[in-house]
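Notebook open, new model on the screen. I want to go through the fold, the confidence and the side-chain pairs, in that order.

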Amino acid sequence: MTSMSETVLGVLMVLSVAGALVCTVAGVIWNRRRGFTPFQVMGPTRGFGHRQHLAGHRREGNGPHIAERHRRAERLIRRGERAKSPRLALLVCHWAAQSYDDWENPWAAWNAVFLAPLFGGFLAMTDRLAPLPALVTAAVLLVAGSALPVYRIHVLRRSAWAIETNRDLAKEFPCPDTSSR
């Protein structure tokens with residue numbers, strides 16, 4: 001039984017490494033075609049501007065801390081509700097657009113699916129686990145990792161809905177003139 005579990009674990013590891021390599025290369029190509037480069041400092045997200053003017057209200061003592069505003073915005077994004085003020089709508093749109101950008105690459109989620117079972121294989125290779133428990137661990141991690149692409153779709157839909165719901169109200173927020181700097 002041990003040799004069969006070693007063989008199945010070996011095949012699973014080879015498939016996982018091959019899948020992870022393919023997803024990594026495809027993810028890099030996907031990012032480059034859309035203008036994202038590694039270690040890029042991102043500018044305004046999808047036209048909703050920088051957050052500097054939102055943080056400026058905190059320095060002046062007007063309103064809650066950025067973490068509290070982020071929690072409010074995340075709550076509105078999760079529930080799919082409309083913000084009550086233009087400032088909060090802009091923050092909701094900004095965080096939703098940032099979340100959309102973070103989860104937009106489909107290859108990143110699939111890469112995680114292929115990388116998850118490798119942990120079980122590495123435990124077997126380092127003699128931390130016997131082959132059969134390592135195979136079970138790898139299978140469980142593969143099943144758990146398979147939920148990530150489904151969650152990605154959920155996040156993309158939720159973020160797009162939040163942007164669509166709050167876009168018109170966010171445009172009412174007066175942005176400071178950054179061209180004079």
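Started with a side chain that caught my eye: arginine 71 is partly exposed, since its relative accessibility is 46%. Noted before going further that this is a predicted model.

**Salt bridges in H3**

How many salt bridges does a search of the whole structure find? I get four. Arginine 71 is in one of them, paired with glutamate 68, and the closest N and O atoms are 2.9 Å apart. The two sit three residues apart in helix H3 (residues 66–79), so about one helical turn separates them. Glutamate 68 comes out as partly exposed because its relative accessibility is 25%, and the cut-off for buried is under 20%.

Glutamate 68 has another partner, arginine 72, with 3.6 Å between the closest N and O atoms. Here the spacing in helix H3 is four residues, again about one helical turn. Arginine 72 has a relative accessible area of 34%, so I logged it as partly exposed.

**Aspartate 168 and arginine 82**

Next I looked up a salt bridge that brings the side chains of aspartate 168 and arginine 82 together, at 2.9 Å from N to O. Which parts of the chain does it tie together? Aspartate 168 is in helix H7 and arginine 82 is in the loop between H3 and H4, so the bridge connects parts that lie 86 residues apart in sequence. Both ends are partly exposed: aspartate 168 has a relative accessible area of 45%, and arginine 82 has 38% relative accessibility. Back in H3, shared partners join the salt bridges of Glu68, Arg71 and Arg72 into one network.

**Fold and surface**

Zoomed out to the whole chain. I count seven helices and zero strands, so the order from the N terminus is simply α-α-α-α-α-α-α. Of the 181 residues, 35% are buried. Among contacts with a separation of 6 or more, 77% are between residues 24 or more positions apart. The accessible surface is about 11,300 Å², and carbon and sulfur atoms hold 62% of it.

I also found a nonpolar surface patch of about 300 Å², made by Val22, Trp107 and Trp110. Tryptophan 110 belongs to helix H5 (residues 106–125) and is partly exposed at 41% relative accessibility.

**Aromatics**

Searched the whole structure for aromatic pairs and got one. Tryptophan 103 and tyrosine 151 meet edge-to-face, 5.3 Å centre to centre with 75° between the planes. This pair links distant parts of the chain, as tryptophan 103 is in helix H4 (residues 86–103) and tyrosine 151 is in helix H7, 48 residues apart. Tryptophan 103 is partly exposed with a relative accessible area of 26%, and tyrosine 151 is partly exposed as well, with 39%.

**Confidence**

Where are the weak spots? The mean pLDDT of the chain is 81, and 80% of the residues reach 70 or more. By element, helix H7 (residues 147–170) has the highest mean at 93, while helix H2 (residues 52–59) has the lowest at 48. The pLDDT is below 50 over residues 55–60, a stretch with ten contacts in the model beyond near neighbours in sequence. Residues 177–181 also stay under 50, with one contact beyond four places in sequence. Reminder to self: where pLDDT is low, the predicted coordinates should not be read in detail.

Terms used
Residues are numbered from 1 along each chain as its sequence is written. Side-chain values use heavy atoms; hydrogens and water are left out. Buried means under 20% relative accessible area, exposed over 50%, partly exposed in between (1.4 Å probe, protein chains only). Contact means heavy atoms within 4.5 Å. Accessible areas come from the Shrake-Rupley method with a 1.4 Å probe; for residues, only the protein chains shown count as cover. Patches are made of residues with over 30% relative accessible area and no salt bridge: like charges are joined within 9 Å, nonpolar side chains (Val, Leu, Ile, Met, Phe, Trp, Tyr) within 5 Å. pLDDT is the predictor's confidence in each residue, from 0 to 100. Rings of Phe, Tyr and Trp (its six-membered ring) pair if their centres lie within 6.5 Å; planes under 30 degrees apart count as stacked, over 60 as edge-to-face and the rest as tilted.
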